[in-house]
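Please look over the structure shown here before reading on; the report that follows takes up its nonpolar cores, one of its helices and one of its pockets.

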Amino acid sequence: MGVYLNPGNVDFQKSLNSEIYIDKTELIAYTNKKLNTEQGYICVSRPRRFGKSMAANMLTAYYSRGCDSREMFQGLKIAKHTGFEEHLNQYNVVHLNMQNFLSKTQTIEQMISLVTKAVGRDLLRAYPDVDYLDKTILTFMLDDIYEDSQVPFIFIIDEWDCIFRVHKSDAASQKTYLDFLRNLLKDKSYIALAYMTGILPIKKYGEHSAINAFYEYSMTDASPIEEFTGFTEQE
């Protein structure tokens, strides 16, 4: 279990422990269908306080090999679905909150370097015996680990759009960041699923090849997962 690679399920457990919790675990049934497909690039765009981080923590708890969440999900809706056991805690999950990295750095280059350093450290701790081509290039490390272990990666990226909110007029920094996402996620055999959350609509930047593969579920176009990304009238 690492900080960013295969974290535990404690954050989702806090949601389950809370005074008010609404079961949105059937979102997992939807993401399970998208695993290892060309539709496995999902971005949920919502204002704050719509449970985006809770959903990210839920997906991490379900997929991460760094914990055993079988008992945690018993009694929740997803436990009744076909495929629940098949995918439970079976993937290498990288969970990143980009706002945390941005707040600790001054430039986009520094932020990307910090992400690379943080994830790279966890990868080396988890897979010390892999014959790495280059330990300073994150995509090479992910390729080498996947070739060696045949365990796919799931990337869960919260606050993916913080760069565009903080550096609104810095087109060069925005492009650098999008190029980083493209190199990390697009057309990579090690990717089983990429799930991002943000506030701003991804379509605003959708012409860039880094994110045009993502399917966006927004406030105005959330079908078919609208009941999992907001509140139903009954709720």
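A polar contact is a pair of N or O atoms within 3.5 Å, and within protein one of them must be able to donate a hydrogen and the other to accept it. In this predicted model, the side chain of D179 makes such a contact with the side chain of R182, at 3.3 Å. D179 belongs to helix 10, and it counts as buried because its relative accessible area is 16%, where the cut-off for buried is under 20%.

Helix 10 covers residues 171-185, and its 15 residues reach 21 Å from the first C-alpha to the last, close to the 21 Å expected at 1.5 Å a residue. Its buried residues include Y177, L178, F180, L181, L184 and L185 as well as the polar S173 and Q174. After helix 10 comes D187, whose phi is positive, near 55 degrees.

In soluble globular proteins, nonpolar side chains tend to be buried together. The two cores described here are set out below.

| Core | Residues | Named members |
|---|---|---|
| Largest nonpolar core | 43 residues | W160 and L185, with the most contacts inside it |
| Another core, apart from it | 32 residues | L35, A55, M58 and F84 among them |

Helix 7 (residues 108-126) gives the largest share of the largest nonpolar core, seven residues.

The second largest pocket has a volume of about 420 Å³. It is lined by 22 residues, of which V3, Y4, H95, N97 and N100 are the closest to its centre. Helix 1 (10-17), helix 3 (52-63), strand 2 (92-97), helix 6 (98-102) and helix 7 each give two or more residues to this lining, which by class has nine nonpolar, eight polar and five charged residues.

Notes
Residues numbered from 1 in each chain as written. Predicted model: local features only at pLDDT ≥ 70, side-chain atom pairs only at ≥ 80, totals over all residues. Heavy atoms only, no water. Core = buried A, V, L, I, M, F, W, Y, C linked by side-chain atoms within 4.5 Å. Buried < 20%, exposed > 50% of the residue type's maximum accessible area, 1.4 Å probe, protein only. Helix = DSSP H or I, 4+ residues; strand = E, 2+ residues; numbered from the N terminus. Expected span 1.5 Å × (residues − 1). 1 Å grid on protein atoms, 1.4 Å probe; cavity = no way out; pocket = protein on both sides within 12 Å on 5 of 7 lines; lining within 4 Å. Points joined across faces, edges and corners; volume = space filled by probe spheres on them.
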